[in-house]
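The following points are offered as a colleague's note, to be read beside the coordinates. They begin with one local detail and then widen in scope.

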Amino acid sequence: MTAPPSAAGAASSVSAASPDSSRSSPGSALAELVDITKTFGALVANDAISLSVLPGEVHALLGENGAGKSTLTRILYGLSQPDSGEIRVDGRVKRISSPADAMEAGIGMVTQEFSLVDTMTVTENLMLAGVGLGRINRAAARAKVLAAAERIGVSIDPDAIVEDLSVGQRQRVEIVKALFHDCRVLILDEPTAVLVPQDVEQLFDSIGRLTSAGMGVIFISHKLHEVTRIADRISILRRGRIVASRPAAGLEPRDIAALMVGAESVAAPVASAENETLADALATSIGLDPADLDGPSVSVGGSALPSAAIRDRSRATRATSPISEATALQITDVTLGNDGSRVLDAVTLSVRRGEILGIAGVSGNGQTELVNVLCGTLTADRGSVMVDQTEISGLDPAARIRAGFGRLTEDRKGSVIPGLSVGQNLVLEDLDRFRIGPFLNRGAVREHVQKLIERFDIRAQPGDPIRSLSGGNMQKVLLARAISRGPKALVASQPTRGLDIGACEYVYSQLRALRDEGAGVLLISEDLDELLGICDRIAVIFSGRIIGELPAADATPEALGLLMTGHDTGAADDSDAAVNA
Amino acid sequence: MRIMLRARESRWLAPAAVLVAVVITLLLTAGPIRLAGANPVAAYQRYLVTPLTTVNGLSEVLLASTPLIFTGLAVAIAFRVGYFNIGAEGQYLAGAVAATIPGLYLPSLPAVLALPLAIGAGLVGGAVWAFIPAWLKRHARIDEVVTTLLLNPVALLLVQGLLNGPWRNSESGFPDSDAYGAGYTLPAIAEGGRAHWGLIIALLLVAITWIVMSFTPLGLKLRAAGQAPAAAKFSGIPVARLQWRCALISGGIAGIGGASQVLGVQHQLTAGISNGYGYTGIVVATLGALTAGGVLLVALLLGTIAVGAQNASIALQLPTQMGAIVSSTLLLAVVSLVALRRYRVVFRRRRGTPEHDGQATATDAQATVGDR
């Protein structure tokens with residue numbers, strides 16, 4: 001361990017964001033992460049993060065994808081090693097280099113993917129977890145299962161075969177399995193993502209029983225209303241740092257949304273406000289907060305109006321030429337999934353030429369599926385997609401590319417052939433252009449590739465295997481491939497995730513250039529700064545539905561944050577007010 | 001000391017790995033050869049050198065290699081596009097059966113018609129045998145490994161059933177077919193040798209495969225489809241269609257292999273026609289790195305060892321199985337070293353960060369790859 005940080009230093013990194021931090025009694029914490037830093041190449045996944053779990057506490061961890069939540073929990077559970085920082089259990093420094101160490105220290109984790117053997121019974125599965133040398137005592141294990149089930153207040157049939165169980169039941173078995181190791185800190189990684197509402201209730205009941213027995217729970221979720229219900233303390237991660245950590249009591253989903261999207265300076269006075277209700281405080285600060293907006297602002301009837309300062313700042317980056325009326329990409333009534341569970345629900349969007357339309361939303365609200373439907377790797381149940389004047393919804397991916405549709409998906413590595421070279425990947429989608437009879441025109445390919453490498457500043461040789469490229473360089477290859485073809489419409493999903501600042505800027509400049517050339521860009525992102533920075537309009541997706549749309553010049557992180565948590569009525573008011581003004 | 005993933009491999013690494021593998025094989029197999037009562041050096045000379053020093057030996061090597069080139073190429077083409085055809089054995093047998101049909105029922109055709117007809121029949125026979133698994137894979141997503149493998153014994157039973165039933169030898173009554181008409185003989189390449197024109201067909205197919213894979217857009221698409229099917233699909237490459245076509249072509253080539261063997265060597269259908277060539281083809285394709293040139297080289301090497309093993313069993317009283325031991329050891333050594341060449345061993349010079357040694361291997365490797 002390098003340079004063990006002073007306790008004061010660790011505390012200050014949190015207290016900067018939360019003056020009321022309750023880390024005054026670090027000795028009583030069940031488990032503590034102190035100054036954890038973890039980098040992957042140029043990307044800082046965890047930047048001096050400190051976090052503690054107290055007995056009887058549910059500590060919720062929130063943040064966008066890639067904010068560093070899973071890296072942090074993986075470190076606590078021994079699946080990953082920090083570059084610096086330490087883990088303390090019961091106040092003593094503990095080295096956790098494997099899940100076995102974590103279990104021994106009383107830390108358990110339940111991930112979204114269950115690790116149960118489907119063909120075995122519940123008891124057998126749990127016996128596997130503790131199997132060693134010597135005889136197996138089935139009766140004792142069975143009794144232990146029943147006792148553990150009792151402890152979390154559920155009924156589990158110890159003799160049921162796992163594959164016959166529902167997802168909710170399997171999760172209970174996983175929790176029981178974690179409890180087998182005398183676990184005192186339980187990490188639940190998005191436990192409700194896979195559950196139906198009734199099972200969520202049951203899970204919350206179980207969590208309540210465990211914490212009242214003195215256990216600590218780390219709870220990761222994207223669903224803000226759940227977090228406000230169950231958590232005692234909420235920490236919000238953003239770009240590898242904890243931007244806020246505060247008691248959950250009194251926090252509303254909208255407050256958390258504001259914190260998540262980076263409006264911490266807006267929300268700061270909220271927490272210190274004593275008698276005023278938090279929602280009101282936020283509503284006020286949305287309209288009028290000189291500290292944040294740094295300029296004169298107007299508030300009409302309490303509804304959100306953007307400040308002139310924000311408008312001016314953003315305008316500089318927006319379309320200089322007027323947006324054309326012609327649509328580049330028209331998505332109409334795209335629906336996926338049956339009536340019970342719609343993944344996409346009548347999504348209708350229209351991107352005009354010379355415009356960047358952003359889609360904001362908390363991850364998992366249908367963004368990935370929408371991109372896959374647009375790319376043709378997933379078939380929608382209903383709806384139409386038009387690029388320029390061409391209907392593409394029935395076409396295969398190759399025909400969509402020919403129709404002028406460009407793609408930058410969130411899965412960069414899934415968009416290239418890792419074993420082929422940079423050059424081969426660059427021409428893979430345009431092979432018909434480099435053909436002499438049945439043969440590949442190698443000279444033309446070489447020339448084209450060299451030109452793209454120079455134009456897009458790709459730091460690699462044409463013959464290098466693409467898997468050896470950094471994330472930013474690989475994104476440049478994908479940008480080059482998509483943009484050099486002169487697409488009429490481009491969808492870019494999380495195009496800057498995991499990239500360093502320089503690479504992000506590069507991606508933005510390319511998207512802007514494409515927009516200025518008259519293409520329509522659909523930008524899907526979880527980063528509101530990004531969306532506010534380069535979009536002309538921003539739509540918000542929630543539960544597979546587009547629940548609101550704002551001109552970017554009128555959008556504020558707060559207004560978008562509200563929409564992202566599903567408050568569509570409020571949003572309508574906001575945009576109306578904006579239009580009327 | 002740490003083992004790290006290489007960011008880039010230099011050109012000489014692959015040949016060097018094969019060379020080291022050969023040395024390891026020689027060291028490992030010296031023991032068994034000594035136990036069998038022979039001098040290892042003399043034995044290696046018999047296995048690898050003697051067959052290539054005489055014209056007759058050379059001809060025998062080419063003869064032994066010919067079916068392996070066909071099956072190896074068939075497997076390589078299918079594997080390349082991500083279709084795991086384990087059924088070259090069955091397709092080879094089906095090709096031999098199909099080539100037998102005109103040979104028995106149209107015996108009087110002149111060679112100029114008979115040979116194209118019989119070889120074409122072999123192609124169709126192999127493709128038909130590959131059709132069922134390929135169809136099931138495309139339309140019902142049934143794993144081709146299982147279906148192609150299970151059809152192999154079915155093909156063998158078909159051969160045996162035909163030979164014990166309608167095609168039983170009319171003169172001897174043995175379960176071998178009658179000899180084909182005179183036109184159904186692939187001529188020898190050189191007077192006196194047994195190597196036949198089947199080899200020329202095989203070499204032609206090797207050349208075509210090499211050209212397609214290396215110089216055409218189709219080759220690039222096939223490689224993409226095989227390496228990363230999801231990404232290939234995303235890039236507009238019709239992966240399922242390519243796999244379907246390559247499955248049929250693969251079966252067809254294995255079928256020509258079967259036809260070439262009955263037309264060039266046996267001139268009749270026998271139950272022992274295959275000798276496991278279809279399965280050995282998987283070894284040939286894998287060792288040859290799924291490339292046309294690699295398949296050709298490995299097939300020639302295994303052919304040499306097979307002829308050498310015959311030679312050694314007579315001259316040194318070594319059991320012929322020793323040849324299989326040598327080639328199997330070579331296979332394992334080459335496969336391990338080819339995998340290992342992707343890594344490099346790093347000896348640390350700096351001190352002071354001991355905690356990195358044990359735990360950080362994986363991430364360091366990634367970082368090395370990343371910052372190329």
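1. Gly566(A) lies just after helix 21 of chain A and adopts a positive phi of about 95 degrees. The model is a predicted one, and every remark in this note should be read in that light.

2. The other end of this helix also deserves inspection. At the start of helix 21 of chain A, a side-chain oxygen of Thr556(A) comes to within 3.0 Å of the backbone nitrogen of Ala559(A).

3. How many residues of helix 21 of chain A are buried? The helix spans residues 557-564 and is mostly covered, with 8 of its 8 residues buried. The buried residues include Leu560(A), Leu562(A), Leu563(A) and Met564(A). Pro557(A), Glu558(A), Ala559(A) and Gly561(A) are also among them. Ala559(A), whose backbone nitrogen is approached by Thr556(A), is thus listed with the buried residues of the helix.

4. Helix 21 belongs to a chain with 22 helices and 22 strands. Of the 581 residues in chain A, 53% are buried. Among contacts in chain A with a separation of 6 or more, 66% are accounted for by residues 24 or more positions apart. The area that chain A exposes is about 23,800 Å², and 51% of it is supplied by carbon and sulfur atoms.

5. Turning to the interface, the contact draws 40 residues from chain A and 26 residues from chain B. The two chains bury about 2,700 Å² between them, with 60% of that area on carbon and sulfur atoms. Within chain B, the residues that lose the most area to chain A are Pro217(B), Leu220(B) and Phe234(B), which together give 26% of what that side buries.

6. What polar interactions are found across the interface of chain B and chain A? There are 6 residue pairs in polar contact, both residues being at pLDDT 80 or more. The count of salt bridges between chain B and chain A is 0.

7. Several helices build the side of chain B that touches chain A. Helix 7 (198-215), helix 8 (217-227), helix 9 (229-234), helix 14 (355-359) and helix 15 (361-370) of chain B each supply at least two residues to that side. Helix 8 of chain B gives the most, with 6 residues. By residue class, the side of chain B that touches chain A comprises 12 nonpolar, 8 polar and 6 charged residues. Charged residues are therefore present on that side, while the salt-bridge count between the two chains is 0.

Notes. Residues are numbered from 1 along each chain as its sequence is written. Chains are lettered from A and ligands numbered from 1 in the order in which they are written. This is a predicted model: local features need pLDDT of at least 70, side-chain atom pairs count only at pLDDT 80 or more; totals for chains, interfaces and linings use all residues. Side-chain values use heavy atoms; hydrogens and water are left out. Contact means heavy atoms within 4.5 Å. Buried area is the accessible area (1.4 Å probe) that two parts lose on being put together, summed over both. A salt bridge is a side-chain nitrogen of Lys or Arg within 4 Å of a carboxyl oxygen of Asp or Glu. A polar contact is a pair of N or O atoms within 3.5 Å; within protein, one must be able to donate a hydrogen and the other to accept it, and residues adjacent in sequence count only if both atoms are side-chain atoms. Helices (H or I, at least four residues) and strands (E, at least two) are DSSP runs, numbered from the N terminus. Buried means under 20% relative accessible area, exposed over 50%, partly exposed in between (1.4 Å probe, protein chains only). Accessible areas come from the Shrake-Rupley method with a 1.4 Å probe; for residues, only the protein chains shown count as cover.
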